[in-house]
Amino acid sequence: MPEDVREQTLDTGETAYVTSLRGGGVLRHPLLNKGSAFTAEERSALGLSGLLPDLVSTDMEQQLSQAYAHYSGAGSDLDKHVYMWDLHDTNVTLFYALIQRHLLEMLPVVYDPTVGEAIEKFSEIMRRPRGVYLSIDHAGTVEERLTSYRDAGEDIDLIVASDAEEILGIGDWAANGIDISIGKLAVYTAAAGVNPHRVIPVVLDVGTNNEKLLNDPAYIGVRHSRVRGEQYDAFIDEYVTAAKRLFPQALLHWEDFGSTTARVILDRYRDEVPTFNDDMQGTGAIALAGLINAVTASGTRWADHKVVVLGAGTAGCGIADQIAARMQLDGATEEQARQNIHLVDLPGLLTDDMVDGLLDYQKPYAQPAAASAAWERTPVQTDVAASLRWPAMGALREGVREKGMISLAAVVENVKPSILIGTSTTPGMFTEEIVRTMAAAHAHPILFPLSNPTPLAEATPAQILGWSNGAALVATGSPFDDVELGGVTHKIGQANNAALYPGLGFGAIVSRATKVTDEMIYAAAEAVASQAEMTEPGDALLPSNARLRETSALVAVQVAKTAVAQGVNGVELSDPVQAVHEAAWWPEYRAVVAG
């Protein structure tokens with residue numbers, strides 16, 4: 001809590017806010033402000049007489065109606081985004097109550113995808129600084145800056161940090177990426193009930209390679225290229241050390257880090273602190289949740305599926321990791337599981353003769369080059385070869401330019417995969433030929449075009465279902481309308497991480513988990529899968545986001561139970577269901593007491 005506000009339990013059992021602020025200071029404080037909902041007694045005690053109209057309305061309904069009318073009157077999604085965060089800075093409780101009432105409509109505006117446009121125009125729309133800006137140019141001051149936001153030892157449950165190197169589909173936006181951390185925390189609260197007054201949004205500003213930002217006079221961050229190597233590693237270590245010392249119970253969430261750093265950071269700290277990377281683990285787990293239901297519907301054992309993943313970045317490889325682990329539960333060896341998964345990226349099929357140019361987390365899935373030696377190769381243009389972006393790719397670029405690449409179409413033709421996952425951010429990659437090839441080989445091919453936003457999807461559900469005569473099992477990364485085909489209404493489940501990470505994080509918080517284990521993540525995926533109503537042909541493979549609070553509560557309970565079963569819980573938890581219920585924060589006005 002801020003210095004001028006503390007919580008107190010009244011004789012009635014109700015929790016109230018006690019504050020030393022008076023008059024306008026109370027109204028300007030977004031945690032305390034209730035507008036017309038201040039009672040006559042509160043107005044008198046807090047010096048609010050004359051500062052509010054005479055109307056006293058402790059029912060939030062009128063305020064919600066007025067706020068929604070203002071929201072609806074905004075001209076664009078970006079205008080609505082700005083309005084909502086202005087409301088947040090005025091009245092936090094009303095902000096979350098409004099989102100809760102219009103969850104499906106507002107989450108895409110408050111967070112993804114509108115947050116991408118907000119980040120690109122951050123210098124134009126920024127109203128009030130939020131969160132903590134940690135700059136590599138001021139290394140050595142991380143602890144000082146964190147305590148400027150919250151005192152050491154305060155009850156902080158969750159810190160979301162980003163260095164904003166790879167934001168959504170828009171790339172490197174550096175200090176502007178504070179909005180990613182802020183928006184992510186809003187989803188944690190709206191979807192799962194994480195207390196918004198016990199969280200910290202952080203941006204780790206290590207510079208940017210975005211020339212537009214570096215040449216923008218209004219850009220808010222440090223003005224030099226991205227720092228890498230030992231200096232970067234030391235800065236991340238300073239952040240983790242400070243966060244752990246100041247807020248020892250906090251879950252550390254990593255968001256939108258680059259492909260060359262995300263896995264390294266997670267692997268370095270996951271056994272030291274409770275930590276989680278949504279781009280890898282969350283994306284992998286929500287895809288797995290959909291696949292759990294799709295594989296059941298397909299009637300084929302996990303270990304017998306052949307998988308192709310288009311897009312071998314953090315998201316694609318995170319999904320591959322989850323699939324490989326699930327195959328091993330079904331009896332496959334680690335080697336067999338990895339041999340069943342083929343990764344396709346800019347250089348085409350990733351093979352073991354490319355390993356010197358691949359990232360560490362891609363190498364386990366590199367297929368034997370000899371096995372595909374006779375497959376058709378596609379000539380590669382110079383500019384495509386030059387775009388290969390990973391470190392140590394010089395030799396690989398030359399090889400691809402000389403030999404050509406094994407394309408997605410060639411991989412599908414030869415492998416005949418039963419599962420095709422898309423995280424490429426390249427529209428139209430799942431062609432009619434590819435879908436028909438899969439449908440000819442499998443009764444129920446599974447295709448997940450997960451790239452988002454909508455225009456980046458590898459194919460639309462209508463296309464996939466049409467080309468497969470309704471046989472395909474489909475989930476997407478963006479929302480799509482139902483598809484009517486052959487008398488069946490196909491409901492399209494969205495593999496939106498918001499259905500999983502809020503509950504996963506909340507379960508870790510409630511159990512005070514000392515680490516976030518693979519088993520906890522798998523429990524979250526199974527819990528999400530169980531919420532899909534798979535009773536009729538065409539039912540969605542994933543639950544609707546309209547039920548996020550319900551889904552998140554179930555996820556949190558299963559994650560907390562798993563933490564206890566593994567002995568990584570930091571508190572006694574005899575009844576996880578009750579513990580999750582009692583810990584959940586709801587946007588309801590509390591009494592404000594003069595102190």
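The following exchange concerns a predicted model of a single chain and its computed features.

Visitor: How many helices and strands does the chain have?

Guide: The chain is a predicted model, and its C-alpha trace spans about 85 × 55 × 50 Å along the principal axes. Its secondary structure amounts to 25 helices and 17 strands.

Visitor: What is the radius of gyration of the chain, and what does the globule rule give for 595 residues?

Guide: Of the contacts in the chain with a separation of 6 or more, 71% join residues 24 or more positions apart. The radius of gyration is close to what the globule rule gives for 595 residues, so the chain is as compact as a globular protein of that length. The value for the chain is 25 Å, and the rule gives 25 Å.

Visitor: What percentage of the residues of the chain count as buried?

Guide: The accessible surface of the chain comes to about 23,800 Å², and carbon and sulfur atoms hold 49% of that surface. A residue counts as buried under 20% relative accessible area. Of the 595 residues, the buried share is 57%.

Visitor: How many of the residues of strand 5 (residues 199–205) are buried?

Guide: On one side of strand 5, Val199, Pro201, Val203 and Asp205 are buried, and on the other side Ile200, Val202 and Leu204 are buried as well. Both faces are thus covered. The strand is largely enclosed by the rest of the structure, because the buried residues number seven of the seven.

Visitor: In strand 5, which residue is the bridge partner of Ser162?

Guide: Strand 5 pairs in the parallel sense with strand 3 (residues 132–135) over four bridges, where Leu134 stands opposite Leu204. Strand 5 also pairs in the parallel sense with strand 4 (residues 158–162), over five bridges. In strand 5, the partner of Ser162 is Val203.

Visitor: Following that pairing, through which helix does the chain cross from strand 4 to strand 5?

Guide: The connection from strand 4 to strand 5 is a β-α-β crossover, and its hand is right-handed. The helix through which the chain passes is helix 10 (residues 178–192).

Visitor: Are Lys34 and Glu42, which form a salt bridge, buried or exposed?

Guide: Side chains of opposite charge can pair when their charged atoms come close. The closest N and O atoms of Lys34 and Glu42 are 3.0 Å apart, within the 4 Å limit for a salt bridge. Lys34 and Glu42 are both buried.

Visitor: With which residues does Arg301 form salt bridges?

Guide: Arg301 is partly exposed at a relative accessible area of 42%, as is Asp304 at 46% and Asp330 at 22%. The closest N and O atoms of Arg301 and Asp304 are 3.3 Å apart, while the N to O distance for Arg301 and Asp330 is 3.6 Å. The latter pair links distant parts of the chain, 29 residues apart, from the loop between helix 14 (278–298) and strand 8 (307–310) to the loop between helix 15 (314–329) and helix 16 (334–339). The partners of Arg301 include Asp304 and Asp330.

Visitor: How many salt bridges does the count come to?

Guide: The salt bridges include a network that links Asp155, Asp157, Arg198 and Arg512. The count for the model comes to 26 salt bridges.

Visitor: Leaving aside neighbours within four places in sequence, with which residues is Thr551 in contact?

Guide: Thr551 has its place in helix 24 (residues 548–566). Its relative accessibility is 1%, so Thr551 counts as buried. Beyond its neighbours within four places in sequence, its contacts are Ala499, Val528, Gln531 and Pro543.

Terms used:
Residues are numbered from 1 along each chain as its sequence is written. This is a predicted model: local features need pLDDT of at least 70, side-chain atom pairs count only at pLDDT 80 or more; totals for chains, interfaces and linings use all residues. Side-chain values use heavy atoms; hydrogens and water are left out. A salt bridge is a side-chain nitrogen of Lys or Arg within 4 Å of a carboxyl oxygen of Asp or Glu. Buried means under 20% relative accessible area, exposed over 50%, partly exposed in between (1.4 Å probe, protein chains only). Helices (H or I, at least four residues) and strands (E, at least two) are DSSP runs, numbered from the N terminus. Two strands pair if DSSP finds at least two bridges between them. A crossover is right-handed if, with the strands pointing away from the viewer, the path from the first strand over the helix to the second runs clockwise. Contact means heavy atoms within 4.5 Å. The radius of gyration is taken over C-alpha atoms; the globule rule is 2.2 Å times the number of residues to the power 0.38. Accessible areas come from the Shrake-Rupley method with a 1.4 Å probe; for residues, only the protein chains shown count as cover.
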